[in-house]
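Biologist: I am new to this structure and should be grateful for a close look at one part of it. Please begin with a residue at the surface and lead me from there to the interior.

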Amino acid sequence: PGPEAQQLAVYIGWLLHRTKGGLTAGLLFVLPGALALMGLSWIYAVYGNVGIIQALFFGLKAAVLAIVLEAVLRIGRRALKNRVMLAIAATAFVAIFFFKIAFPYIIIAAGLLGYIGGRVGLKDFLVEGNSHKSFDKTVADADSALGLDTPAHAKPSWTRTLIIAAIGFPLWLGPVATLWLMLGPHDVFTDTAVFFSKMAVVTFGGAYAVLAYVAQEAVQHYGWLRPGEMLDGLGMAETTPGPLIMVTQFVGFMAAFRNASGFAPMLAGTLGGLLTTWVTFVPCFIWIFLGAPHIEVLRSNKALSTALAAITAAVVGVILNLAVWFALHVLFGVVNDQTLWGVLTLPVPDLASFSLAACIFILAALLMIFRFKAGMMVTLASCAGVSVVWYLLRAVMQI
């Protein structure tokens, strides 16, 4: 569980240079993004209502939506190899979008279904990963950094496991327990610490899958952000170095900024952002340091492979939910949830709040990515730049 990009960095550093390598790689992977996003969060909190800043984020939202849609198609092509996987993705989308079923339950159900399908030998669950042809040009084991033999630190050891658990879990959960005891269970700092600690345990897949869960809870359950602000945060994370999941720091910052708990708002926001980053990324180190030595053993487990294939298919549906949710809130200023029969929830946009400008920007971003194959940074910069110019032209014409 947890953000895969950060864990991959930790894993590579650990495999090559033991624990020190994992800590170095993992910390340097997130530190630039954490500093950059903290600076942008300060600017957003102070100047977020300034017209030119709003125009900047308006363009970023359109580009981010196109990037999320591209991610849906990219992951879908790899994961949805047959009708069963397609059905799992569709079911996951319906479950989270219309029935508001929490992301962790969807992942657990998909994993169990895939595991059972693999155990009974259903061929539709035995989805092959990458073709062997894609590995033709890889470096031979003897010429790799690790050589032919598995290094000693990469072999399972119960002593090592207990030491890591004894150090790692108090570092992660100690601050959470302290906040719970000092501030109570309903303080904003306790809420953010508990929520993002829970996210570190129950979320699977890339950042886009995790963000669907974060958006659902932060906007609809806790009310820390408005839908448009979640999009603004995603735009910030897309334009700063480091993993996209760093947007969680922005969520924690705004939650504490608006519920300062006796602190100055900017100080509260800074502490909330740092707390969120801590409980989001510290578990990444723990999971890798604890689980990496067992990876080679698990890799040959066919039932586990089918469970992961089903989870990946479900993640496609979850990311599609994120794309549709974002699209509705970018295109329409007002979107109301309408409940039918007590279980089914339909998002109903107010047609009068439709934004033609947002539609034009979204179409332009989609053309850049899908038709002209523009890169992510080019698309983000172009949409943001044109949006600012458009705002300035409108301001001059009004004068």
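Modeller: A residue is called buried under 20% relative accessible area, exposed over 50% and partly exposed in between, using a 1.4 Å probe and protein chains only. The model is a predicted one, in which local features need pLDDT of at least 70 and side-chain atom pairs count only at pLDDT 80 or more, while totals for chains, interfaces and linings use all residues. Residues are numbered from 1 along each chain as its sequence is written, and side-chain values use heavy atoms, with hydrogens and water left out.

Let us start from Phe 99, which counts as partly exposed because its relative accessibility is 37%. Phe 99 sits in the loop between helices α3 (83-97) and α4; helices (H or I, at least four residues) and strands (E, at least two) are DSSP runs, numbered from the N terminus.

Phe 99 belongs to a nonpolar surface patch of about 1300 Å², whose other members are Val 94, Ile 101, Tyr 105, Ile 108, Leu 112, Tyr 115, Ile 116, Val 120, Leu 122, Trp 341 and Val 343. Patch members have over 30% relative accessible area and no salt bridge; nonpolar side chains (Val, Leu, Ile, Met, Phe, Trp, Tyr) are joined within 5 Å, like charges within 9 Å. The areas come from the Shrake-Rupley method with a 1.4 Å probe, and for residues only the protein chains shown count as cover. Helix α4 (residues 103-119) supplies the largest share of the patch, five residues.

Trp 341, also in the patch, lies in the loop between strands β1 (335-340) and β2 (344-349). With a relative accessible area of 74%, Trp 341 is exposed. Trp 341 has a positive phi of about 55°, although it is not a glycine.

Returning to the starting loop, helix α3 carries Phe 93 and Phe 97, four residues apart, about one turn of the helix. Phe 93 counts as buried, since its relative accessibility is 15%, and Phe 97 is buried as well, at 6%. A search of the whole structure finds 24 aromatic pairs. The rings of Phe 93 and Phe 97 have centres 5.2 Å apart and planes at 10°, so this pair is stacked. Rings of Phe, Tyr and Trp (its six-membered ring) pair if their centres lie within 6.5 Å, with planes under 30 degrees apart counting as stacked, over 60 as edge-to-face and the rest as tilted.

The next step inward is Gln 216, in helix α7 (residues 207-221). Gln 216 counts as buried because its relative accessibility is 10%. Leaving aside neighbours within four places in sequence, Gln 216 is in contact (heavy atoms within 4.5 Å) with Ile 96, Lys 100, Ile 101, Ala 102, Phe 103 and His 221. Ile 101 is one of the patch residues, and Phe 103 leads on to an aromatic cluster that it forms with Phe 195, Phe 196, Tyr 213, Tyr 222 and Trp 224.

Within this cluster, Tyr 222 and Trp 224 form a stacked pair, 4.3 Å centre to centre with 10° between the planes. Tyr 222 is partly exposed, with a relative accessible area of 26%, whereas Trp 224 is buried, at 5%. Apart from residues up to four places away in sequence, Trp 224 touches Val 188, Asp 191, Thr 192, Phe 195, Phe 196, Ala 218, Val 251, Ala 255 and Arg 258.

Trp 224 brings us to the interior: together with Met 230, it has the most contacts inside the largest nonpolar core, which has 117 residues. Helix α12 (residues 302-331) gives the most to this core, with 17 residues. Such a core is a set of buried Ala, Val, Leu, Ile, Met, Phe, Trp, Tyr and Cys residues joined through side-chain atoms within 4.5 Å.

Arg 258, touched by Trp 224, adds a charged element to the picture. A salt bridge is a side-chain nitrogen of Lys or Arg within 4 Å of a carboxyl oxygen of Asp or Glu. Arg 226 forms one with Glu 229, the closest N and O atoms being 2.7 Å apart. Glu 229 is buried, with a relative accessible area of 6%. Salt bridges that share partners join Arg 226, Glu 229 and Arg 258 into one network.
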